[in-house]
Amino acid sequence: MTDPQFSIITMIEQFPAQMGLIGLQMLWTIRTEYALKNSVNMKKIMKDTNQEFIKLLNILIDATTKNLTKNERLNYETLITIHVHQRDIFESLYQMKVTNLFDFEWLKQERFYYIEEFDRCEVRITDVLFLYQNEFLGCSDRLVITPLTDRCYITLAQAVGMNMGGAPAGPAGTGKTETTKDMGKSLGKYVVVFNCSDQMDYRGLGRIFKGLVHSGTWGCFDEFNRIELPVLSVAAQQIYIVFMARKGNKETFIFSDGDTVPMNQEFAIFLTMNPGYAGRQELPENLKVLFRSVAMMVPDRLIIIRVKLAACGFKNNLPLSKKFFILYQLCEEQLSKQVHYDFGLRNILAVLRTLGTQRRSNSSEPEETILMRVLKGMNVSKLVDQDETIFLSLIEDLFVGMKSTSSAYKDLQTAILSSCEEKKLVNHPSWNLKIIQVYETSLVRHGLMILGPTGSGKTTAIHCLLSALTKTGLTHFEYRMNPKAITASQMFGRLDVATNDWTDGIFSTLWRRTLKLSPDEYCWIVLDGPVDAVWIENLNSVLDDNKTLTLANGDRIVMAPNAKLCFEPDNVDNASPATISRMGMTFFSATVLSWRVIFGGWGKTKSTYLSNSFQDIFDNSYNELLKMLQSKLLPKMALLEPHYIHQTCDIIDGLLSMFPENEDLSVDILSRLYTFAIMWSIAAVLESDNRLLLEEFILKDMSGKIQIPKLKEGESIYDYTISKDGQWQHWETLIESYTYPSDYIPVYGDILVPNLDNVRTMFLITLIANQEKNVLLIGEQGTAKTVMIKSYMQEFDPEVRMSKMLNFSSATTPNMFQSTVEGYMEKRFGTTYGPPGNRKMTIFIDDINMPIINDWGDQVTNEITRQLLENKGFYSLTKPGDYINIVGVNMLGAMIHPGGGRNDVPPRLKRQFCIFNCTLPSNTSMDKIFGALGCGYFCVERFNDQVVRFLPRLVELTRIVWQKTKQKLLPTPANFHYVFNLRDLSRIWEGMLQVCSAECQDVQMVLRLWCHELQRIVYDKLTSSRDKEWFLETVRSSAEKFLGHETYRMMPANMKTIVFVDFMRDMVDPTGDEPDDFEPETPNIYENIEEYV
């Protein structure tokens, strides 16, 4: 190198990349020190050396525009990155007129010397000497060195020199881990990065520390403060032992577990931390003192952009880097603060990677046009609608008068169109754009996040893209799993503390499986479930440039080159910035798929005549109905637009199945089907008063546009259904009268008295469930949801379809649900399971909203429910990675209205169901139901004529008293149990139906029984004497007003003294089946307690 004829380019081309790079750094050190030594005597030497370095830099930049191989290009880009920094340092030395080799401005740099005497390379940073380790690192890229990186290098070098560790700390995306790795690369040292998680224990950490010390490797523990506090405490002790042994220059030392470990002095330990993020700990003081901390808060983005643009071959890198930098600065300031936005370093580097490929493929295009196109293409995909216009106007302001062009992927677009035809989908332009954006993101990121509300076409977009890529000649497929349907140990693996045995989890098994794929197969692992700050953080080392899965047992599994990791949540409210910055985001807004597109997709499955006829009918009125619903009505459950159109289409499908398929139905009949479908989709989750408002809107504002039945006085459009011949038919004509059996007494809870509400709901359940789709009933307590579903399931032919019922509670876990469902199934073939005997099965889940919502706002039990409905199966818990397909199962669900402290179900589960609200029956219906029960029980076969004739008057009176109580006594924080629903009214009658004819001979006794039941069901709930007095007075006044003075005189004077009991009855005759120790002498009444006064 001291030879004047020496050519660095010749060296770069002849020797391996690593040697070329160190040669460049040695050359720079030699020339700089020579210039500094002779600067006093030779006045022009500093200026000439500076020009020489600039000339060398231009030679390297010119080399990148040639036709190079991938490795050659990477080599030159790395050389440019390092040499730009070296030139900048020399220029600053020249400007500051430094002439002394011992000036701190020179000493603080990383300086490379070759010592011929020992045949070794030495690297000096300040007063710390490192030996270049000659470890083969291959042709790898290097970081842009900025003032921040320089400061970090100095601190870390000082820490190692003082036998301590280094601890860079700061927010996500500031380059903490990468700077540590890069410092290792510059010293020819291999750096092992460990992604720390809360699953790590002190034994695992101890093994890692011993390995590092033995091998002399550098260990970088990424996000060390995610480890649990008790483990950190032990780790502090372990690190202390290691550092003390190094300080004492010991060849061997005894570790905390008693093992004797040989010492290699070249090892070092570094920690990186994100302070203050969710799921992070504060480090204990005894750990902090062992490390020198470096604050890495704001990276020097402008320098990084400029150097990387130069490395990509952009000659005009200075003005372009300023535009790039200003655009991102303005985006952070002016765009809305969405959780999934990231304009940090990782995003910048992804854009710079794309710029490099675009620059090479369009070498004749102006540099500014390329920059504008890439900046626009790579950021628009993640913006919400209102921010998109602001961003585009910022681009226009920075790149004045320039028109952007977009890349046309002709082969891919042809394949997407073909896939859409196969899958009967509409290739809508806005949705197609999102597919292209996902594809473009996948070219530069290995971690993708496809984000957006339910029903915006995320899953279908992934399937369509993978199918299209397969058609272009590259086999693409997915492994889909829901990380929230399983525990963390089931996902990543479990270490047995006692035996140290490791069991792989589902994700780690799939991850290993991708490594066995042939090179022409491409796999996307899709994690389809809510994101929280715990499970996704375990993948941080996968998503950054390490691309390595770190498991709790110390396994480090590198990502397969033909694998991608894709996340598909509906929101990222719980994700930390550390995760967001590592992802390539594509945001599917609710406007990507309007109802027209979803309807168009449904129309593709129908004949041309039906599709066109329904298209005209829908275009006429559906939009106005949706606007009315969204602006003026209050649904009892929050649903999105796609849900309503899916439910409308499902109901029309059910109605069409009532008619022979080959029969062309008239437009009049189709209009009636449409009217019925919107009644039970648009109005499906409304209460009675809101349904009437919608009906009023249909009758007045939409008259002529929607075909409705001819209504008589007091009738509603909801009272009509479609008959077999396609005409309107009143529900009353379909209601069978209920006759209470006179010869036996049925179980009270199983009685379903047919009325308009339950006959209508039963029809809707049948309409949807017969298509093997799922139904969810919502409604207040006592609206007969469970009874209706049970009676629907009782009609099944047991040879064809089975039924099972589950009750969810706050204690139900995903594993319990999975085990229960698997217990109902039997193996059919391979990994396919189904109900026994080749039958089908309907599973009814009562109180589906009851499972507990965790700290992150997720209902994990309902995540596995959704997985069963959407993906038709589970991952095996006994054989991780094996998927159990479950066929022949559909689901019915029931739940109380969400709100007021009651849980809702996840939106992505809602879209698997058709949802119907069960309203409270009308007064007429209630009187009919309880009249049928009361009059049926108190019949002439059981009771005397006087009682039978009187009882119908009590039916309406009981309802009036119940309604007055419900309106007056409302729940408050003090009296939260003041909830008087239809079940209370039902319980009053259930109690009255327990009486026998012997105890109830006349009207007076019936009234006494009625007073007793009212007191037991309502009066006993009341807490204050004022409420109790009000209730007794209400009962008296209502009875007097309704029964008349004559009958009212039979009412008891003091109701509080009346109690009906069953323990005063005579002992039942023995049957002979009693056990030997049975005591027949049961007391007739409770014994007096002597102490009671």
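How many bridges join strand E5 to E6, and in which sense do the two strands run? Select residues 191-195 for E5 in this predicted model, then add E6, residues 218-222. There are 5 bridges between E5 and E6, and the strands run parallel. To find one pair, pick Val191, whose bridge partner in E6 is Trp218.

Next, show helix H8, residues 202-215. Together with E5 and E6, helix H8 makes a right-handed β-α-β unit.

Stay on E6 and display its side chains. Trp218, Cys220 and Asp222 point one way, while Gly219 and Phe221 point the other way. On both sides the residues are buried, and the count for the strand is 5 of 5.

Now add strand E9, residues 268-271, which pairs with E6 over 4 bridges in the parallel sense. Gly219 of E6 has Ile269 of E9 opposite.

Move on to a second region. The open sheet there has 5 strands in the order E23-E26-E29-E22-E30, with parallel pairing. Strands E23 (801-807) and E30 (913-918) each have a single partner strand, so they stand at the edges with one side lacking a neighbour in the sheet. On average, neighbouring strands of this sheet are turned by 15° against each other, direction ignored.

Within this sheet, select E26 (residues 840-846) and E29 (residues 889-895), which are parallel and joined by 6 bridges. Ile845 is found opposite Gly893 of E29.

Finish with two helices. Helix H30 (residues 814-824) packs on the sheet and touches E23, E26 and E29, with its direction at about 160° to that of E23. Helix H31 (residues 860-871) lies across E22 (774-779), E26, E29 and E30, at about 145° to E29.

Note on methods: Residues numbered from 1 in each chain as written. Predicted model: local features only at pLDDT ≥ 70, side-chain atom pairs only at ≥ 80, totals over all residues. Heavy atoms only, no water. Pairing = 2+ DSSP bridges. Axes fitted to C-alpha atoms, helices over the stretch in contact; angles between N-to-C directions. Contact = heavy atoms within 4.5 Å. Buried < 20%, exposed > 50% of the residue type's maximum accessible area, 1.4 Å probe, protein only. Right-handed = clockwise from strand over helix to strand, strands pointing away.
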